[in-house]
Amino acid sequence: MSARSKQSLAFRENASDRVFGMINTVLLVTIAFVMIYPLYFVIIASFSDPFEVVNGRVFLWIKNFSLESYAYVFKNSLLWSGYTNSIINTFCVVIYNLAILIPAAYVLSKRDLPGRTFFNWFFLITMFFGGGMVPTYLMYRSFGMLNTRWALICTAISCYNLVVARTYFQTSIPEALYEAARIDGATDFQCFFRIALPLAGSITAVIALFCASASWNSYYSALLYIRDQKLYPLQLVLRDILITAQNAYKNIDASSADEGVFEQALRLTYLAESMKYSVIFIASFPMLALYPFVQKFFVKGVMIGAVKG
(Lines give C-alpha, C1' and ligand atoms only; values in the text may rest on other atoms or scores of the structure.)
Protein backbone atom coordinates (compact mmCIF):
# COMPACT_ATOMS: atom_id res chain seq x y z
CA MET A 1 0.00 0.00 0.00
CA SER A 2 1.35 3.38 -0.98
CA ALA A 3 2.03 6.15 1.47
CA ARG A 4 -0.75 8.21 -0.09
CA SER A 5 -3.28 5.39 0.37
CA LYS A 6 -2.24 4.93 4.00
CA GLN A 7 -2.60 8.67 4.56
CA SER A 8 -6.07 8.65 2.95
CA LEU A 9 -7.13 5.68 5.13
CA ALA A 10 -5.84 7.40 8.25
CA PHE A 11 -7.75 10.53 7.31
CA ARG A 12 -10.97 8.58 6.82
CA GLU A 13 -10.47 6.84 10.16
CA ASN A 14 -9.84 10.12 11.91
CA ALA A 15 -12.93 11.65 10.29
CA SER A 16 -15.09 8.69 11.33
CA ASP A 17 -13.68 8.89 14.85
CA ARG A 18 -14.61 12.55 15.02
CA VAL A 19 -18.14 11.85 13.81
CA PHE A 20 -18.46 9.01 16.33
CA GLY A 21 -17.17 11.29 19.07
CA MET A 22 -19.67 14.01 18.16
CA ILE A 23 -22.56 11.55 18.17
CA ASN A 24 -21.43 10.17 21.51
CA THR A 25 -21.16 13.65 22.96
CA VAL A 26 -24.64 14.65 21.80
CA LEU A 27 -26.10 11.39 23.07
CA LEU A 28 -24.44 11.63 26.49
CA VAL A 29 -25.40 15.30 26.89
CA THR A 30 -29.00 14.41 26.05
CA ILE A 31 -29.05 11.55 28.55
CA ALA A 32 -27.44 13.75 31.22
CA PHE A 33 -30.04 16.47 30.59
CA VAL A 34 -32.93 13.98 30.84
CA MET A 35 -31.54 12.73 34.15
CA ILE A 36 -30.50 16.05 35.71
CA TYR A 37 -33.38 18.31 34.63
CA PRO A 38 -36.07 16.65 36.84
CA LEU A 39 -33.91 17.23 39.92
CA TYR A 40 -33.17 20.79 38.79
CA PHE A 41 -36.88 21.41 38.20
CA VAL A 42 -37.72 20.14 41.69
CA ILE A 43 -35.27 22.65 43.18
CA ILE A 44 -36.44 25.70 41.21
CA ALA A 45 -40.12 24.78 41.68
CA SER A 46 -39.66 24.49 45.44
CA PHE A 47 -38.28 28.06 45.58
CA SER A 48 -40.86 29.55 43.19
CA ASP A 49 -44.21 31.13 43.96
CA PRO A 50 -46.89 28.39 44.27
CA PHE A 51 -49.19 30.21 41.83
CA GLU A 52 -46.45 30.19 39.17
CA VAL A 53 -45.79 26.49 39.73
CA VAL A 54 -49.46 25.48 39.48
CA ASN A 55 -49.89 27.46 36.26
CA GLY A 56 -46.87 25.80 34.66
CA ARG A 57 -44.73 28.94 34.30
CA VAL A 58 -41.63 27.45 35.88
CA PHE A 59 -39.26 25.97 33.31
CA LEU A 60 -35.65 27.06 33.46
CA TRP A 61 -35.42 29.47 36.39
CA ILE A 62 -37.13 30.44 39.63
CA LYS A 63 -40.29 32.51 39.18
CA ASN A 64 -41.07 35.01 41.96
CA PHE A 65 -38.72 33.60 44.59
CA SER A 66 -40.67 32.36 47.61
CA LEU A 67 -39.92 30.33 50.75
CA GLU A 68 -43.58 29.95 51.66
CA SER A 69 -43.70 26.20 51.01
CA TYR A 70 -40.57 25.61 53.13
CA ALA A 71 -41.97 27.79 55.92
CA TYR A 72 -45.16 25.72 56.00
CA VAL A 73 -43.23 22.45 56.11
CA PHE A 74 -40.70 23.53 58.73
CA LYS A 75 -43.28 24.94 61.12
CA ASN A 76 -44.52 21.41 61.76
CA SER A 77 -42.98 20.28 65.05
CA LEU A 78 -42.93 16.62 63.96
CA LEU A 79 -40.52 17.41 61.13
CA TRP A 80 -37.51 17.63 63.43
CA SER A 81 -38.43 14.48 65.33
CA GLY A 82 -38.86 12.79 61.94
CA TYR A 83 -35.38 13.88 60.90
CA THR A 84 -33.97 12.58 64.19
CA ASN A 85 -35.78 9.26 63.88
CA SER A 86 -34.65 8.79 60.29
CA ILE A 87 -31.02 9.52 61.19
CA ILE A 88 -31.11 7.08 64.11
CA ASN A 89 -32.91 4.40 62.09
CA THR A 90 -30.58 4.75 59.11
CA PHE A 91 -27.45 4.58 61.26
CA CYS A 92 -28.69 1.48 63.10
CA VAL A 93 -29.83 -0.21 59.87
CA VAL A 94 -26.39 0.32 58.31
CA ILE A 95 -24.58 -1.11 61.36
CA TYR A 96 -27.04 -4.02 61.58
CA ASN A 97 -26.68 -4.91 57.89
CA LEU A 98 -22.90 -4.60 57.81
CA ALA A 99 -22.49 -6.67 60.99
CA ILE A 100 -24.41 -9.56 59.38
CA LEU A 101 -23.75 -9.17 55.68
CA ILE A 102 -19.97 -8.64 55.50
CA PRO A 103 -19.03 -11.71 57.62
CA ALA A 104 -21.61 -13.84 55.76
CA ALA A 105 -20.23 -12.74 52.38
CA TYR A 106 -16.68 -13.51 53.52
CA VAL A 107 -17.66 -17.02 54.64
CA LEU A 108 -19.60 -17.76 51.43
CA SER A 109 -16.60 -16.66 49.35
CA LYS A 110 -14.55 -19.57 50.70
CA ARG A 111 -14.46 -22.39 48.15
CA ASP A 112 -13.65 -24.98 50.82
CA LEU A 113 -16.74 -24.12 52.90
CA PRO A 114 -18.76 -27.31 53.58
CA GLY A 115 -22.20 -27.01 51.97
CA ARG A 116 -21.21 -23.83 50.14
CA THR A 117 -23.44 -24.59 47.13
CA PHE A 118 -26.44 -25.27 49.35
CA PHE A 119 -26.01 -22.03 51.28
CA ASN A 120 -25.56 -20.00 48.10
CA TRP A 121 -28.78 -21.39 46.64
CA PHE A 122 -30.52 -20.98 49.99
CA PHE A 123 -29.79 -17.24 50.01
CA LEU A 124 -30.35 -16.85 46.26
CA ILE A 125 -33.93 -18.15 46.51
CA THR A 126 -34.81 -15.23 48.80
CA MET A 127 -34.17 -12.85 45.90
CA PHE A 128 -37.23 -14.27 44.12
CA PHE A 129 -39.51 -15.53 46.90
CA GLY A 130 -40.54 -13.83 50.13
CA GLY A 131 -42.97 -14.47 52.96
CA GLY A 132 -45.11 -11.45 52.14
CA MET A 133 -46.57 -8.56 54.10
CA VAL A 134 -49.01 -10.47 56.35
CA PRO A 135 -46.52 -13.13 57.62
CA THR A 136 -43.96 -10.39 58.25
CA TYR A 137 -46.51 -8.38 60.24
CA LEU A 138 -47.49 -11.43 62.29
CA MET A 139 -43.83 -12.20 62.97
CA TYR A 140 -43.15 -8.66 64.22
CA ARG A 141 -46.27 -8.83 66.38
CA SER A 142 -45.24 -12.15 67.93
CA PHE A 143 -41.82 -10.67 68.76
CA GLY A 144 -43.44 -7.59 70.34
CA MET A 145 -41.76 -5.27 67.82
CA LEU A 146 -44.85 -3.42 66.61
CA ASN A 147 -44.81 0.31 67.32
CA THR A 148 -41.12 0.17 68.22
CA ARG A 149 -37.99 1.35 66.49
CA TRP A 150 -36.83 -2.26 66.14
CA ALA A 151 -39.48 -2.93 63.49
CA LEU A 152 -37.68 -0.45 61.20
CA ILE A 153 -34.12 -1.45 62.16
CA CYS A 154 -34.31 -5.25 62.04
CA THR A 155 -35.14 -5.42 58.35
CA ALA A 156 -34.44 -8.29 55.96
CA ILE A 157 -30.89 -8.53 54.66
CA SER A 158 -30.69 -7.92 50.90
CA CYS A 159 -29.40 -11.00 49.10
CA TYR A 160 -28.29 -8.76 46.22
CA ASN A 161 -25.91 -6.92 48.54
CA LEU A 162 -24.72 -10.28 49.85
CA VAL A 163 -23.90 -11.49 46.34
CA VAL A 164 -22.06 -8.26 45.51
CA ALA A 165 -19.95 -8.48 48.69
CA ARG A 166 -19.27 -12.20 48.18
CA THR A 167 -18.07 -11.56 44.63
CA TYR A 168 -15.77 -8.84 45.91
CA PHE A 169 -14.13 -11.15 48.43
CA GLN A 170 -13.76 -13.88 45.78
CA THR A 171 -12.15 -11.77 43.06
CA SER A 172 -10.42 -8.85 44.75
CA ILE A 173 -8.42 -10.37 47.60
CA PRO A 174 -5.77 -12.93 46.54
CA GLU A 175 -5.99 -16.30 48.25
CA ALA A 176 -2.20 -16.16 48.67
CA LEU A 177 -2.65 -13.53 51.40
CA TYR A 178 -4.71 -15.94 53.47
CA GLU A 179 -2.29 -18.79 52.84
CA ALA A 180 0.65 -16.67 53.98
CA ALA A 181 -1.26 -15.66 57.11
CA ARG A 182 -2.11 -19.28 57.92
CA ILE A 183 1.56 -20.25 57.56
CA ASP A 184 2.28 -17.62 60.22
CA GLY A 185 -0.34 -19.23 62.44
CA ALA A 186 -3.33 -16.95 61.81
CA THR A 187 -6.80 -18.32 62.51
CA ASP A 188 -9.89 -17.79 60.33
CA PHE A 189 -11.05 -14.96 62.59
CA GLN A 190 -7.66 -13.27 62.35
CA CYS A 191 -7.69 -13.62 58.56
CA PHE A 192 -11.06 -11.91 58.46
CA PHE A 193 -10.35 -9.06 60.88
CA ARG A 194 -6.71 -8.40 59.90
CA ILE A 195 -6.76 -9.08 56.14
CA ALA A 196 -10.23 -9.22 54.60
CA LEU A 197 -11.95 -6.47 56.56
CA PRO A 198 -9.21 -3.79 56.14
CA LEU A 199 -9.10 -4.51 52.38
CA ALA A 200 -12.89 -4.39 52.01
CA GLY A 201 -13.29 -0.66 52.64
CA SER A 202 -14.70 0.08 49.18
CA ILE A 203 -17.33 -2.66 49.20
CA THR A 204 -18.25 -1.78 52.78
CA ALA A 205 -18.89 1.81 51.69
CA VAL A 206 -21.02 0.59 48.78
CA ILE A 207 -23.15 -1.68 50.97
CA ALA A 208 -23.48 1.08 53.58
CA LEU A 209 -24.70 3.49 50.87
CA PHE A 210 -27.22 0.96 49.55
CA CYS A 211 -28.59 0.26 53.03
CA ALA A 212 -28.64 3.93 54.06
CA SER A 213 -30.49 4.96 50.90
CA ALA A 214 -33.08 2.18 51.28
CA SER A 215 -33.66 2.97 54.96
CA TRP A 216 -33.83 6.74 54.49
CA ASN A 217 -36.37 6.55 51.65
CA SER A 218 -38.56 3.88 53.26
CA TYR A 219 -41.96 4.89 54.58
CA TYR A 220 -44.18 1.87 53.92
CA SER A 221 -42.69 -0.18 56.76
CA ALA A 222 -43.32 2.68 59.19
CA LEU A 223 -46.86 3.01 57.82
CA LEU A 224 -47.49 -0.66 58.67
CA TYR A 225 -45.69 -1.06 61.99
CA ILE A 226 -45.58 2.38 63.67
CA ARG A 227 -48.54 4.11 65.37
CA ASP A 228 -46.76 6.51 67.72
CA GLN A 229 -46.15 9.82 65.93
CA LYS A 230 -43.02 10.39 68.02
CA LEU A 231 -41.46 7.41 66.21
CA TYR A 232 -42.48 8.51 62.69
CA PRO A 233 -39.51 8.69 60.29
CA LEU A 234 -39.08 11.73 58.07
CA GLN A 235 -40.81 10.21 55.03
CA LEU A 236 -43.98 9.47 56.99
CA VAL A 237 -44.02 12.94 58.56
CA LEU A 238 -43.69 14.59 55.14
CA ARG A 239 -46.46 12.38 53.79
CA ASP A 240 -48.80 13.51 56.56
CA ILE A 241 -47.91 17.17 55.96
CA LEU A 242 -48.79 16.84 52.27
CA ILE A 243 -52.08 15.06 52.98
CA THR A 244 -53.05 17.76 55.51
CA ALA A 245 -52.32 20.56 53.06
CA GLN A 246 -54.17 18.86 50.20
CA ASN A 247 -57.27 18.18 52.30
CA ALA A 248 -57.53 21.75 53.63
CA TYR A 249 -59.34 23.01 50.53
CA LYS A 250 -61.64 19.97 50.31
CA ASN A 251 -62.92 20.49 53.84
CA ILE A 252 -64.30 23.97 53.09
CA ASP A 253 -67.70 24.51 51.52
CA ALA A 254 -67.24 27.19 48.86
CA SER A 255 -70.90 28.30 49.01
CA SER A 256 -71.02 28.87 52.76
CA ALA A 257 -67.44 29.71 53.71
CA ASP A 258 -66.32 33.23 54.35
CA GLU A 259 -64.63 34.74 51.30
CA GLY A 260 -61.37 35.36 53.13
CA VAL A 261 -61.29 31.82 54.50
CA PHE A 262 -62.05 30.42 51.06
CA GLU A 263 -59.24 32.43 49.44
CA GLN A 264 -56.86 31.28 52.15
CA ALA A 265 -57.83 27.66 51.52
CA LEU A 266 -57.38 28.18 47.78
CA ARG A 267 -53.93 29.60 48.43
CA LEU A 268 -53.15 26.58 50.58
CA THR A 269 -54.17 24.35 47.68
CA TYR A 270 -51.63 26.09 45.45
CA LEU A 271 -49.14 25.83 48.26
CA ALA A 272 -49.70 22.08 48.52
CA GLU A 273 -48.61 21.67 44.90
CA SER A 274 -45.42 23.62 45.53
CA MET A 275 -44.85 21.74 48.78
CA LYS A 276 -44.52 18.50 46.84
CA TYR A 277 -41.24 19.76 45.41
CA SER A 278 -40.09 21.18 48.74
CA VAL A 279 -40.75 17.85 50.43
CA ILE A 280 -38.81 15.97 47.74
CA PHE A 281 -35.81 18.28 48.16
CA ILE A 282 -35.92 18.11 51.97
CA ALA A 283 -36.09 14.31 51.91
CA SER A 284 -33.41 13.89 49.23
CA PHE A 285 -30.87 16.45 50.41
CA PRO A 286 -29.09 14.27 53.05
CA MET A 287 -28.47 11.46 50.55
CA LEU A 288 -27.42 13.93 47.85
CA ALA A 289 -24.98 15.54 50.28
CA LEU A 290 -23.59 12.16 51.36
CA TYR A 291 -23.12 10.68 47.89
CA PRO A 292 -20.09 12.79 46.76
CA PHE A 293 -18.10 11.56 49.78
CA VAL A 294 -18.65 7.86 48.97
CA GLN A 295 -18.81 8.12 45.18
CA LYS A 296 -15.19 7.05 44.67
CA PHE A 297 -15.76 4.00 46.85
CA PHE A 298 -19.04 3.32 45.05
CA VAL A 299 -17.41 3.14 41.61
CA LYS A 300 -14.48 1.06 42.85
CA GLY A 301 -16.59 -1.31 44.92
CA VAL A 302 -19.11 -2.07 42.18
CA MET A 303 -16.69 -2.37 39.26
CA ILE A 304 -13.76 -4.14 40.89
CA GLY A 305 -13.87 -7.85 40.31
CA ALA A 306 -16.21 -7.46 37.30
CA VAL A 307 -13.32 -8.40 34.98
CA LYS A 308 -10.83 -10.89 36.33
CA GLY A 309 -7.41 -10.96 34.74
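Student: What volume does the largest pocket have?
Tutor: About 660 Å³. A pocket here is an open set of points on a 1 Å grid over the protein atoms alone, where a 1.4 Å probe fits, with protein on both sides within 12 Å along at least five of seven lines. The volume is the space filled by probe spheres set on the points, which are joined across faces, edges and corners.
Student: Which residues are the closest to its centre?
Tutor: Tyr140, Cys154, Thr155, Ala156 and Ser221, out of 31 that line the largest pocket. Lining residues have an atom within 4 Å of a point.
Student: Which elements give two or more residues to that lining?
Tutor: Helices H4 (78–108), H6 (133–142), H7 (150–153), H11 (201–217) and H12 (220–225). Helices are DSSP runs (H or I, at least four residues), and strands are too (E, at least two), numbered from the N terminus.
Student: What is this model, and how are residues numbered?
Tutor: It is a predicted model, where local features need pLDDT of at least 70, side-chain atom pairs count only at pLDDT 80 or more, and totals for chains, interfaces and linings use all residues. Residues are numbered from 1 along each chain as its sequence is written, and side-chain values use heavy atoms, with hydrogens and water left out.
Student: Back to the pocket lining. How many residues are nonpolar, polar or charged?
Tutor: The lining of the largest pocket has 20 nonpolar, 11 polar and no charged residues. Nonpolar covers Ala, Val, Leu, Ile, Met, Phe, Trp, Tyr, Cys and Pro; charged covers Asp, Glu, Lys and Arg; the others, Gly among them, are polar.
Student: New topic. Which residues make the nonpolar surface patch?
Tutor: Met133, Val134, Tyr137, Leu138, Tyr219 and Tyr220, over about 560 Å². Patch residues have over 30% relative accessible area and no salt bridge, and nonpolar side chains are joined within 5 Å. H6 gives the most, with 4 residues.
Student: Where is tyrosine 219?
Tutor: In the loop between H11 and H12. Tyrosine 219 counts as partly exposed because its relative accessibility is 37%. Buried is under 20%, exposed over 50%, partly exposed in between (1.4 Å probe, protein chains only).
Student: What about phi of asparagine 64?
Tutor: It is near 55 degrees, positive in a residue other than glycine. Most residues other than glycine have a negative phi. Asparagine 64 sits in the loop between H2 (50–54) and H3 (68–74).
Student: And asparagine 147, where is that found?
Tutor: In the loop between H6 and H7. Asparagine 147 has a positive phi of about 60 degrees.
Student: How many helices and strands does the chain have?
Tutor: The chain has 14 helices and 0 strands. Of its 309 residues, 32% count as buried.

Methods
Patch = residues over 30% accessible without salt bridge, like charges linked within 9 Å, V, L, I, M, F, W, Y side chains within 5 Å. Areas by Shrake-Rupley, 256 points an atom, 1.4 Å probe, with all protein chains shown as cover. Salt bridge = Lys/Arg side-chain N within 4 Å of Asp/Glu carboxyl O.
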